[in-house]
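Work through the exercises below with the sequence and the model at hand. Each task is followed by a worked solution.

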Amino acid sequence: MDKLIATGGGPLKGRIRISGAKNAALPLMIASLLTDDTLRISNIPHLHDITTTMELLGQLGVRLQVDEKLAIETDASGVGSVRAPYDLVKTMRASILVLGPLTARFGRAEVSLPGGCAIGSRPVNLHIKGLKSMGAEIRIENGYIIADTGGSKLRGARIFMDMISVTGTENIMMAATLAEGVTTIENAAREPEVVDLADCLNAMGANISGAGSDEIMIEGVERLHGADHRVIPDRVEAGTFLVAAAISGGEIRINDVIPRHLEAVLDKLREAGCGLKSGEDWIELTTPESRLRSVNIRTAPYPAFPTDMQAQFVLLNSVADSTATVVETVFENRYMHVHELQRMGANIELDGNTAVIKGVKSLYAAPVMATDLRASACLVLAGLVARGETTIDRIYHIDRGYHCIEEKLAQLGASIRRVPGYYLERRSA
Ligand code: UD1
C-alpha cells in the first residue's frame, strides 16, 4: 500500500489550478442513466471515486468514453442491469445515487445498502422515504434495497427532508425529472453541487426550479436528452490548499475556482489573520507575520461552514496562537484525525462532537494513518508543517478525493513524496 512522506519545511508559495469537484462529478455521471442520448461531461477530476463510478455505470451497461482532457461521454441506451453490487457500493457510498435514476427510468433498482462508514452511521432512510412517497415499493432483501414501481411511472410528490441531505436531495431530484407531475423537495440541500446537477438536468430537458434554495420544484417530463456540461470547481480542494498555504506561512494563488462557493471558509481564514483577494475565478491568500489567530468553527449544511473542511481547520487551530472550539454538527464520529494530530503534539480535547484546541508552537513528525478522505488531507498538511519526516499510511483515502495532491503541493515547494508500500516494507524488514 502506497504511503506519503512529508517533511516539514518552509512556506508554500506559488499558484495551482483547482480540479473539477468530485461531489459534483459523481451525481452528474450518474445522471447519464436518465437518458439514452449522449451526455458529455468535462472537467472531470482524476480520482478513484470517478473510476469506481465508471466501473459501476459500466456494470449497469452504460458505455463510457474518456478523452485525454478528462471529458467523459456516456451512452446509457444499452443498460441491461439495475443492480449496484455490494463490492462497489461499500467502497463508495455515493453509489446510492443510482437508486433514483434507475427506478425512474426502468421502474426497478437493486442497490446494496452501503453498510458501516468511518464517519458515522450515515443512513439512507431519506433516499428511501423520498422514492416511497413517489409511489415506488421498497423492501430490503439480503442487504439490498429493492425498489419497484410495478411497471408504472413514479408520481410527483411533496417531500419533506427531516435532515438536510446532499445526496438525498440529488437522488430525489433526479428521480423526479421523469416522474408524472410535480415534485417539491422541502428542506432541500443548497450545496453548489446540487445546483450544478440541476443545471445539467435542465440542459438535458428537465424542468427544475429553486435549486440553491431550500425548496426545489421539479416538473416531470416525458424524456431527457443529451447535453454538454462542465463540472464546477472543487471548493473543498480549494479550501484545503488555502489552509496549507496559511499554516505554512506562505502565499498562494488558486485559479479556476468560484470564490462565492467558499465564503464561509474565506471568512474564517480572514478571521485567522490571512489576507485575501479574489476575482471572478481566482483567490490569492497571504499570511500574517505573526502566528495565525485561533478561530471557532461550527459545521453545518451550505452556506454555513462545510464539514468537509472541519479537519483542516482543526489542524489550523492546532498551530494557532490561542484556544478555539470546533463543533461538528453534520456527522457523528468525524474526529479520527484528532487522535493522529495528538500523536504529533497537538493539544486537543474531545468531548462528544466538540473539540477544544489549544494552539502549540510546532507539531512533531510521527507515523500516522489516514482514516477518511478529509482526515487524510489534514494529516498530509500536518506533515508539511511538523518538525521532521511524517509518514502517512493508508493514503488510498486521499486518492479517492484529491487529484494529484502531492504533485500540486510539490509545485508549491512542499517536500513530499509517494513511496510504494512494498519499498517501505522491505526497508523495515
Ligand atoms: C455529501 C458529500 C460529503 C459531505 C456531506 C455533507 C457527496 C458525494 N458527499 O455526503 O462529502 O461531507 O454531503 O456535506 O456529495 N442522513 C440521514 N439519512 C439519510 C441521509 C443522510 O440521517 O438518508 C444524515 C447523515 O447521517 C448526516 C447528514 O444527514 O448526518 C448529512 O448527510 P448527507 O448530506 O446525506 O451526506 P452525503 O450526501 O452522504
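The exercises treat a helix pair and a sheet in this predicted model.

**Exercise 1.** Determine how helix 11 and helix 12 are oriented to each other, and which residues bring them into contact.

Solution.
- Step 1: Take the axes of helix 11 (residues 336-343) and helix 12 (residues 373-385); they come within 9 Å and cross at roughly 15°.
- Step 2: Angles under 35 degrees count as roughly parallel, so helix 11 is roughly parallel to helix 12.
- Step 3: The handedness of this crossing is right-handed.
- Step 4: On the side of helix 11, the contact is made by His-337, Glu-340 and Leu-341; they meet Ala-375, Cys-378, Leu-379 and Ala-382 of helix 12.
- Step 5: Sorted by class, this contact of helix 11 with helix 12 comprises five nonpolar residues, one polar and one charged.

**Exercise 2.** In the open sheet of four strands, find the strand order and the strands that stand at the edges.

Solution.
- Step 1: The strands follow the order 6-7-9-8, and their pairing is mixed.
- Step 2: Strand 6 (83-84) and strand 8 (137-141) each have a single partner strand, so they stand at the edges, and one side of each is left without a neighbour in the sheet.

**Exercise 3.** Describe how strand 6 pairs with strand 7, and which helix lies across strand 7.

Solution.
- Step 1: Strand 7 covers residues 108-112 and pairs with strand 6 in the parallel sense, over two bridges.
- Step 2: Ala-84 has Val-111 in strand 7 as its bridge partner.
- Step 3: Helix 4 (residues 99-106) lies across strand 7 and strand 9 (144-148), and runs at about 160° to strand 7.

Conventions:
Residues are numbered from 1 along each chain as its sequence is written. This is a predicted model: local features need pLDDT of at least 70, side-chain atom pairs count only at pLDDT 80 or more; totals for chains, interfaces and linings use all residues. Side-chain values use heavy atoms; hydrogens and water are left out. Axes are lines fitted to C-alpha atoms, for helices over the stretch in contact, and angles run from 0 to 180 degrees between N-to-C directions. Angles under 35 degrees count as roughly parallel, over 145 as roughly antiparallel, 65 to 115 as roughly perpendicular and the rest as oblique. A crossing is left-handed if the near helix is turned anticlockwise from the far one by less than a right angle, and right-handed if clockwise. Contact means heavy atoms within 4.5 Å. Ala, Val, Leu, Ile, Met, Phe, Trp, Tyr, Cys and Pro count as nonpolar, Asp, Glu, Lys and Arg as charged, and the others, Gly among them, as polar. Two strands pair if DSSP finds at least two bridges between them.
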